[in-house]
Amino acid sequence: MDVVLSPPPMAGSAGPFDLDDDAIYRRWRAWKLARRPVSADELTVDVGDPRALTAPEREALLDRIARANMALYRSPVLAEDKELPRALGAQLGLRRLDANWLADEDGISQIAVSEQTDGRGGFIPYTDRPIRWHTDGYYHPAGRRIRGMILHCVRPAASGGVTGLLDHELAYIALRDAAPEHVRALMQPDAMTIPARADDDGVARPAQAGPVFAVDEDGCLHMRYTARTRSIEWKADAATRAAVAALEELLAGESPWILRTRLEPGMGLVGHNVLHERTGFADDPARPRLLYRARYLDRVALRTGAPWR
């Protein structure tokens, strides 16, 4: 039996994300805050083999994802098996992999420190430098939104590499509670623009403008964000500047809504495209850090409904 997802599809309405319907928002907000996991441990599910979940394991993962848009799993599987994230995703309804240019031919990216010569070198995920807060695929057009993701740890770094996680629905709540106009500004269709990226052959990626917060056709909230200060253009109005400053303050603070964990061998993150960051790390040259990343155009297959009504 599928677990209920909090925001339901509502024809002609943004449901709890409708800035003109405070009553629905308040009911959903109370439901969300009462059920959010308060620690990384509460978010974690022990599984025997992510490639072949038992029914209780799958339900436990779906429960965490319904409550927090993400789940952590811990398993004894230490093999370098790139099929693992694909098999795990398929059991949760994640099938449409994003075939981005830095992924391997099978659509799964191997996240490891890379030299400049292989095309990945210099891109932040393939270095040992810190990665600031972001959601994946923030440079994609609306038709290619990254809605689901899996990050599986084969080998951790020798030290460092701590992941910060924030459910984007909680970020929405924080901003709306502070000032609904922050959310309204970040929902503008030109709130955030990623400039075009050029390569030796010309324009490798055209400029992409879009909102930070958007409501998908199924009534679910999508977030598109990067804390980068280079290669990004914010709409030049006072409302957007104030909203971005409020979001930056939230992410720089010590909010209890921000969870932190260090992925160990056999562990992983699965769920929707939540906000995340990573501290810098130091590698062991004999056993360098290796993670598999799968990014999906799908969301996890959760039954829709409105349990917060």
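**Salt bridges, a covered helix and paired strands**

Arg26 is partly exposed, with a relative accessible area of 41%. This value, like every other given here, was computed from a predicted model. Asp177 is likewise described as partly exposed, at a relative accessible area of 33%. The structure holds 25 salt bridges, and one of them is formed by Asp177 with Arg26, where the closest N and O atoms are 4.0 Å apart. Because Asp177 belongs to helix α5 (residues 168-178) and Arg26 to helix α1 (residues 22-35), this pair ties together parts of the chain that are 151 residues apart in sequence.

Asp177 also takes part in a salt bridge with Arg29, in which the N to O distance is 2.8 Å. Here, too, distant parts of the chain are linked, since Arg29 lies in helix α1 and Asp177 in helix α5, with their positions 148 residues apart in sequence. The relative accessible area of Arg29 is 22%, and Arg29 is therefore classed as partly exposed. A further salt bridge joins Arg262 to Glu264, with 2.9 Å between the closest N and O atoms. Both members of this pair count as partly exposed, Arg262 with a relative accessible area of 22% and Glu264 at 32% relative accessibility. Turning back to the helices, salt bridges that share partners bring Asp22, Arg26, Arg29, Arg176 and Asp177 together in one network.

Helix α5, which contributes Asp177 to the contacts with helix α1, is mostly covered, given that 8 of its 11 residues are buried. These buried residues are His168, Glu169, Leu170, Ala171, Tyr172, Ile173, Leu175 and Arg176; Arg176 is thus buried and is also a member of the salt-bridge network described above. The N-terminal end of α5 is capped by Asp167, a side-chain oxygen of which lies 2.9 Å from the backbone nitrogen of Glu169.

The capping residue Asp167 also provides a point of reference for Met223, because the C-alpha atoms of the two residues, which are 56 residues apart along the chain, are separated by 9.9 Å. Met223 is placed in strand β14 (residues 221-223) and has a relative accessibility of 1%, so that Met223 counts as buried. When residues up to four places away in sequence are left out, Met223 touches Thr135, His168, Val212, Phe213, Leu247 and Leu275. Among these contacts, His168 is one of the buried residues of α5.

Strand β6 (residues 148-155) is largely enclosed by the rest of the structure, because 8 of its 8 residues are buried. With strand β17 (residues 267-272), β6 forms an antiparallel pairing over 5 bridges, in which His152 stands opposite Gly268 of β17. An antiparallel arrangement is likewise found between β6 and β20, which are joined by 7 bridges; within this pairing, Leu291 in β20 is the bridge partner of Cys153. Strand β20 comprises residues 290-296 and includes Arg295. The relative accessibility of Arg295 is 3%, and because residues under 20% are classed as buried, Arg295 counts as buried. The side chain of Arg295 is joined to that of Tyr139 by a polar contact of 3.3 Å.

Another group of strands forms an open sheet, in which 4 strands follow one another in the order β5-β18-β8-β16 with antiparallel pairing. The edges of this sheet are taken by β5 (131-134) and β16 (259-261), each of which has a single partner strand, so one side of each is left without a neighbour in the sheet. Neighbouring strands of the sheet are turned against each other by 15° on average, direction ignored. The partner of the edge strand β5 is strand β18 (residues 275-278), to which 2 bridges join β5 in the antiparallel sense. In this pairing, Ile131 has Arg278 of β18 as its bridge partner.

Note on methods: Residues numbered from 1 in each chain as written. Predicted model: local features only at pLDDT ≥ 70, side-chain atom pairs only at ≥ 80, totals over all residues. Heavy atoms only, no water. Buried < 20%, exposed > 50% of the residue type's maximum accessible area, 1.4 Å probe, protein only. Polar contact = N/O pair within 3.5 Å; in protein donor to acceptor, adjacent residues only side chain to side chain. Contact = heavy atoms within 4.5 Å. Salt bridge = Lys/Arg side-chain N within 4 Å of Asp/Glu carboxyl O. Pairing = 2+ DSSP bridges. Axes fitted to C-alpha atoms, helices over the stretch in contact; angles between N-to-C directions.
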